[in-house]
Amino acid sequence: MRQKQHRPQWPARYAQTLFEGEAEGESPGQRAEQEGAARRLRVQEITRRLVAHYGEPEWSRKDPLSQLVDVLLSHRTRDEQTAAAYASLRQHFGSWEAVRDAPTAAVEKAIALVNWPEVKAPRLQAILRQITAERGALNLDFLCGLPVEESLTWLSRFEGVGPKTAACVLLFSCRQPVLPVDTHVHRISIRLGLIPARLTPEQAQPILQALLPADARTIYNFHKGLVWHGQRCCFFQRPRCEQCFLRDLCAYYAAHQRPAAKPGDQKGTA
Ligand code: SF4
């Protein structure tokens with residue numbers, strides 16, 4: 001008689017797909033289904049711990065256009081420098097119309113704190129001019145009323161606006177359920193074993209999105225939590241695994257950092 005399969009309890013169950021092989025008699029379809037379910041549970045637990053550790057992130061108070069400007073400034077730039085450059089733009093020009101119409105050198109000077117201001121200033125002005133030409137005004141509030149796919153397509157037509165930037169605007173400002181996959185989300189998701197290492201952020205986006213519920217608050221908690229974790233613990237170089245509260249859920253830790261079991265620890269060892 002076939003024995004009832006043992007189902008591990010929390011937290012071991014989260015780690016099921018990381019550490020276990022294929023069960024006898026299991027079809028590839030059943031295995032894939034189980035892996036998907038286990039990954040969704042792990043994402044749920046990861047999100048819960050991120051919120052417990054870092055707190056629930058506050059929603060942005062920026063309208064979609066202001067959020068777009070902010071995200072464009074933030075590319076490859078630290079948060080404090082982005083915030084200072086954004087404040088400088090508001091202070092110097094007072095409106096996005098004034099930024100659009102200002103001499104490019106003046107805009108470049110106002111955002112000098114970010115990386116590549118000489119690229120970002122003309123690009124920002126070009127986007128502001130294009131929005132004005134298409135919409136008749138500088139306002140992107142209409143995006144929040146469109147289906148997510150439509151909003152993503154609309155925003156992604158502008159030079160310098162990729163899927164991550166578009167998703168940031170829609171999640172942060174419109175609170176639409178779409179996950180931005182930035183460098184931290186990408187790197188840590190690979191380390192945690194949620195996605196294969198070979199995937200680009202663009203390829204990883206739909207896979208990670210499918211592991212989350214279609215709920216903007218949960219997606220925001222997961223995104224922001226991983227960004228903060230990447231800035232404070234899971235660094236690009238030398239992640240601080242020994243201090244990490246996600247160790248037992250992490251494929252990287254299991255493969256590289258987990259202390260090897262001593263011979264005396266093994267069951268049945270004489
Ligand atoms: S255990 Fe290490 S690699 Fe895994 S998430 Fe934590 S810091 Fe990153």
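Author: A residue is buried if 20 or more other C-beta atoms lie within 10 Å of its own, exposed if 12 or fewer, and partly exposed in between. The model discussed here is predicted.

Reader: Why does Arg76 count as buried or exposed?

Author: Arg76 has 8 C-beta neighbours inside 10 Å, and the exposed class takes 12 or fewer, so Arg76 counts as exposed. This residue is found in the loop between helix 3 (64-74) and helix 4 (79-93), and although Arg76 is not a glycine, its phi is positive, at about 55°.

Reader: Arg175 also has a positive phi, near 55°; what makes it count as buried, exposed or partly exposed?

Author: Arg175 has 14 C-beta neighbours inside 10 Å, and since 12 or fewer would be exposed while 20 or more would be buried, Arg175 counts as partly exposed. Its place is in the loop between helix 9 and helix 10, and it is a residue other than glycine.

Reader: Why is Ile127 placed in the class it has, buried or exposed?

Author: The count for Ile127 is 21 C-beta neighbours inside 10 Å, and the buried class begins at 20, so Ile127 counts as buried. Ile127 is found in helix 7 (residues 117-135), and its C-alpha lies 9.3 Å from that of Val161, with the two positions 34 residues apart in sequence.

Reader: Which residues of the largest nonpolar core touch the most other members?

Author: They are Val69, Ile111, Val169, Leu170 and Leu171, in a core of 57 residues. The largest share of this core, 7 residues, comes from helix 9 (residues 163-173), and the core draws at least three residues from each of domain 1 (9-57 + 179-253) and domain 2 (64-173). Leaving aside neighbours within four places in sequence, Leu170 is in contact with Leu143, Val148, Ser151, Leu152, Gln176 and Val178. In soluble globular proteins, nonpolar side chains tend to be buried together.

Reader: How do you know that the buried residues of helix 11 line one face of the helix?

Author: The buried residues are Ala204, Gln205, Leu208 and Leu211, and, seen down the axis of helix 11, they fall within an arc of 130°, so they line one face. On the other side of helix 11, Glu202 and Pro206 are exposed, while the cover over the buried residues includes helix 2, helix 9 and helix 10. An α-helix has 3.6 residues a turn, so residues three or four places apart point the same way.

Reader: What makes helix 10 mostly covered?

Author: Of its 10 residues, 7 are buried, namely His184, Val185, His186, Ile188, Ser189, Arg191 and Leu192. These buried residues pack against helix 2 (28-54), helix 11 (201-211), helix 12 (216-232) and helix 13. Helix 10 is followed by Gly193, whose phi is positive, near 85°.

Reader: Which element gives the most residues to the shell around the ligand?

Author: Helix 10 gives the most, with 3 residues. Of the 14 residues around the ligand, Cys234, Pro239, Cys241, Cys244 and Cys250 come nearest, and the elements that give two or more residues are helix 10 (183-192) and helix 13 (251-257). The shell divides into 11 nonpolar, no polar and 3 charged residues.

Reader: How many helices and strands does the protein have?

Author: There are 13 helices and 0 strands, and buried residues make up 32% of the 270 residues in the protein.

Conventions. Residues are numbered from 1 along each chain as its sequence is written. This is a predicted model: local features need pLDDT of at least 70, side-chain atom pairs count only at pLDDT 80 or more; totals for chains, interfaces and linings use all residues. A nonpolar core is a set of buried Ala, Val, Leu, Ile, Met, Phe, Trp, Tyr and Cys residues joined through C-beta atoms within 7 Å. Helices (H or I, at least four residues) and strands (E, at least two) are DSSP runs, numbered from the N terminus. Domain bounds come from an automatic or database domain assignment. Two residues are in contact if their C-beta atoms, placed from the backbone, lie within 7 Å. A residue is near a molecule or strand if its C-beta atom, placed from the backbone, lies within 6 Å of it. Ala, Val, Leu, Ile, Met, Phe, Trp, Tyr, Cys and Pro count as nonpolar, Asp, Glu, Lys and Arg as charged, and the others, Gly among them, as polar. The arc is that of the directions from the helix axis to the C-beta atoms.
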